[in-house]
Amino acid sequence: MMKFFNILKDIIISVTKRQDWWVEVSTTQPNCIYYFGPFPQHQEAEIMSSGYVEDLQAEGAREIKTMIKRCHPDQITICEE
């Protein structure tokens with residue numbers, strides 16, 4: 001019975017995490033994808049995204065694109081070397 005509850009708990013945690021909003025920011029220089037979050041609401045992620053873009057611009061990043069989406073990234077920074 002305990003095993004069933006552990007499996008159920010894992011499923012609930014998995015589903016809940018997928019409901020969070022994340023800001024996905026991609027750049028071409030460096031060629032990276034960054035994830036910022038999680039946020040409980042789309043609007044909060046949208047408001048915070050401008051600060052992330054400003055920080056990346058200050059670091060010299062180029063061709064910055066943002067997308068706000070529901071996901072649960074396995075990595076928060078993915079860069080091609």
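Which cysteine does a disulfide join to cysteine 32? In this predicted model, the partner is cysteine 79, with an S to S distance of 2.0 Å. Below is a friendly tour of that bond, the nonpolar core, the aromatic pairs and a serine in helix α2.

**The disulfide**

- A search of the whole structure turns up one disulfide, and its two ends sit in strands: cysteine 32 in β2 (residues 31-39) and cysteine 79 in β4 (residues 77-79), so the pair ties together parts that are 47 residues apart in sequence.
- The S-S torsion of cysteine 32 and cysteine 79 is about 115°, so this disulfide is right-handed.
- Cysteine 32 is buried, at a relative accessible area of 3%, whereas cysteine 79 is partly exposed, at 38%.
- Another cysteine to look at is cysteine 71, which is buried with a relative accessible area of 17%.

**The nonpolar core**

- Ten residues make up the largest nonpolar core, among them Trp21, Val23, Val25, Cys32, Tyr34 and Tyr52.
- The elements giving two or more residues to this core are β1 (21-28), β2 and α2.
- Cys32 therefore has two roles to keep in view: it belongs to this core and it is one end of the disulfide.
- Tryptophan 21, also a core member, is in contact with Gly37, Pro38, Phe39, Pro40, Gln41, His42, Ala45, Ile68, Lys69 and Arg70, leaving aside its neighbours within four places in sequence.
- Of those contacts, Phe39 and Ala45 also appear in the core.

**The aromatic cluster**

- Two aromatic pairs come out of a search of the whole structure, and they link Tyr34, Phe36 and Tyr52 into a cluster.
- Tyrosine 34 and phenylalanine 36 have ring centres 6.4 Å apart and planes at 25°, so they count as stacked.
- Phenylalanine 36 and tyrosine 52 are stacked too, because their ring centres are 4.0 Å apart and their planes lie at 5°.
- This second pair bridges strand β2, home of phenylalanine 36, and helix α2, home of tyrosine 52, so it ties together parts that are 16 residues apart in sequence.
- Tyrosine 34 is buried at 13% relative accessible area, and tyrosine 52 is buried at 17%.

**Serine 49 in helix α2**

- Helix α2 spans residues 42-58 and includes serine 49.
- With 11% relative accessibility, serine 49 is buried, because the cut-off for that class is under 20%.
- The serine 49 side chain reaches the backbone oxygen of glutamate 46 at 2.7 Å.

How values were computed:
Residues numbered from 1 in each chain as written. Predicted model: local features only at pLDDT ≥ 70, side-chain atom pairs only at ≥ 80, totals over all residues. Heavy atoms only, no water. Helix = DSSP H or I, 4+ residues; strand = E, 2+ residues; numbered from the N terminus. Buried < 20%, exposed > 50% of the residue type's maximum accessible area, 1.4 Å probe, protein only. Polar contact = N/O pair within 3.5 Å; in protein donor to acceptor, adjacent residues only side chain to side chain. Disulfide = S-S within 2.5 Å. Core = buried A, V, L, I, M, F, W, Y, C linked by side-chain atoms within 4.5 Å. Contact = heavy atoms within 4.5 Å. Phe/Tyr/Trp six-rings, centres within 6.5 Å; stacked < 30°, edge-to-face > 60°.
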